[in-house]
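Reader: Before we discuss individual residues, I should like each label to be justified by its value and its cut-off. May we proceed in that manner?

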Amino acid sequence: MQQRYVGNSGFRVSSVSLGTMSWAQETDEQDAAELLHTFIAAGGTLIDTAASYAQGQAEAMLGAMLGDVVARSEVVISTKAGVSTSDARRSVDASRGAMLSSLDASLARLGTDYVDIWFAHAWDDNVPLDETLSALELAQRSGRARYVGISNYNGWQTAKAAAVAGLTLVANQSEYSLLQRKPEDELVPAIEDAGLGLMAWAPLGRGVLSGKYRGQIPGDSRAAQGRLSAYVEPYLEARGSRVVEAVAMAARGLGRTPLDVSLSWLLSRPGVATAIVGARNTVQLKELLDSQLTPLPAEIARALEDVSAV
């Protein structure tokens, strides 16, 4: 698998990263171990998690596998702090104390004394930006994080963070796909100007670009599950259907899969360092890993951009 530098830094990650948002919820320990082993065997390196995923259980599950399923030296670990979920309610606390306490708890669950990259998970309107950034700086200075970044910051927030940071931010983690092209308006220019890399989550449009929702909603899909259906539904409307059909047509013409077409388009976009995929089982992951992930013909890419334009 291709290894890429993140922004202007010396930090390298695999072009496809393994997300763990479903771990300890939809993905059990056995499936997670198989996913991790398969991903590493294919040359993947970056495992993305967060303190808020399954209230820390996703991190704990990954930590239990380090040294058993894979060696710590074989993986690049990304985690995030500042967001918590209780009773289905999401809250943000990016204060210095909360961030650093969260990092220490993450390290304990992961069973490691450092993470390769640590993110402020979300912008916090109630906390001064320099306070949040000071937590990232201390984590890096103390060796608890090799690199640091921001997550889900929009364009002006990213530009401001890069301007006032007393340290080198290397990445912004944000949603980006053929079904979510809003980052191109302001975020991507801000990232490029600041020399950051974009780590794209939901690169398959929350699973919709795989084509599995064409004409039906599979019973085991997120759209069929009550608490997760709202996560997928925005991309099942008319515009989403047009984009999916265009991707499917391109895939047929190229002899490739919709997954391959969608990811290949994304990985060719300016600033994108890696696509974070949330495969829930090895069947899904192997389909992703079997993709060519090579640039699309220019005319195909332009046609997809035209149909997916907002």
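Author: We may begin with Ala 50, which sits in the loop between S4 and H2. The model in which this residue is placed is a predicted one.

Reader: What makes Ala 50 count as buried or exposed?

Author: Buried means under 20% relative accessible area. Ala 50 has 0% relative accessibility, so the residue counts as buried.

Reader: Which residues is Ala 50 in contact with, leaving aside its neighbours within four places in sequence?

Author: Ala 50 is then in contact with Glu 59, Thr 79, Lys 80 and His 121. Arg 12, by comparison, is 38 residues from Ala 50 in sequence, and their C-alpha atoms are 20 Å apart in space.

Reader: Glu 59 appears among those contacts. Why is the pair of Glu 59 and Arg 109 called a salt bridge?

Author: The term requires a side-chain nitrogen of Lys or Arg within 4 Å of a carboxyl oxygen of Asp or Glu. The N to O distance between the side chains of Glu 59 and Arg 109 is 2.8 Å, so the pair satisfies the rule. This salt bridge links distant parts of the chain, with Glu 59 in helix H2 (residues 57-65) and Arg 109 in helix H3 (residues 96-110), 50 residues apart.

Reader: How do you know whether Glu 59 is buried or exposed, and what of Arg 109?

Author: Glu 59 has a relative accessible area of 0% and is therefore buried. Arg 109 has 28% relative accessibility and so counts as partly exposed, because that label covers values between the 20% and 50% cut-offs.

Reader: Which other residues of H2 are buried, and what covers them?

Author: Besides Glu 59, the buried residues of H2 are Ala 58, Met 61, Leu 62, Gly 63 and Met 65. Their cover includes H1, strand S4 (46-48), strand S5 (76-81) and H3. Just after H2, Gly 67 adopts a positive phi of about 90 degrees.

Reader: Helix H3 also contains Asp 104. What makes Asp 104 and Arg 144 a salt bridge?

Author: Their closest N and O atoms are 2.8 Å apart, which is within the 4 Å limit, so the name applies. Asp 104 belongs to helix H3, whereas Arg 144 lies in the loop between helix H4 (129-141) and strand S9 (145-151), 40 residues apart. Asp 104, at a relative accessible area of 38%, is partly exposed, while Arg 144, at 18% relative accessibility, counts as buried.

Reader: How many salt bridges does the rule yield?

Author: The count comes to 10. One of them joins Arg 280 and Glu 26, whose closest N and O atoms are 3.2 Å apart. Arg 280 lies in the loop between S12 and H10 and Glu 26 in the loop between strand S3 (16-19) and helix H1 (29-41), so the pair ties together parts that are 254 residues apart in sequence. Arg 280 is buried, with a relative accessible area of 11%, whereas Glu 26, at 26%, counts as partly exposed.

Reader: What makes helix H9 (residues 258-267) mostly covered?

Author: Of the 10 residues of H9, 9 are buried; among them are Leu 259, Asp 260, Val 261 and Trp 265. The buried residues of H9 pack against strand S1 (3-5), strand S11 (197-201), helix H8 (238-254), strand S12 (272-277), helix H10 (282-289) and helix H11 (298-308).

Reader: Where is Leu 304 found, and how do you know whether Leu 304 is buried or exposed?

Author: Leu 304 is found in helix H11. Its relative accessible area is 3%, so Leu 304 is buried. Leaving aside neighbours within four places in sequence, its contacts are Leu 178, Ala 246, Val 247, Val 261 and Leu 296. The C-alpha atoms of Leu 304 and Ala 32, which are 272 residues apart along the chain, are separated by 33 Å.

Reader: How do you know whether the radius of gyration of the protein chain agrees with that of a compact globule?

Author: For 310 residues, a compact globule would have a radius of gyration near 19 Å; the protein chain has 19 Å, and therefore the two agree. The C-alpha atoms fill a box of roughly 50 × 40 × 35 Å along the principal axes. Of the 310 residues, 55% count as buried.

Notes:
Residues numbered from 1 in each chain as written. Predicted model: local features only at pLDDT ≥ 70, side-chain atom pairs only at ≥ 80, totals over all residues. Heavy atoms only, no water. Rg over C-alpha atoms; globule rule 2.2 N^0.38 Å. Buried < 20%, exposed > 50% of the residue type's maximum accessible area, 1.4 Å probe, protein only. Helix = DSSP H or I, 4+ residues; strand = E, 2+ residues; numbered from the N terminus. Contact = heavy atoms within 4.5 Å.
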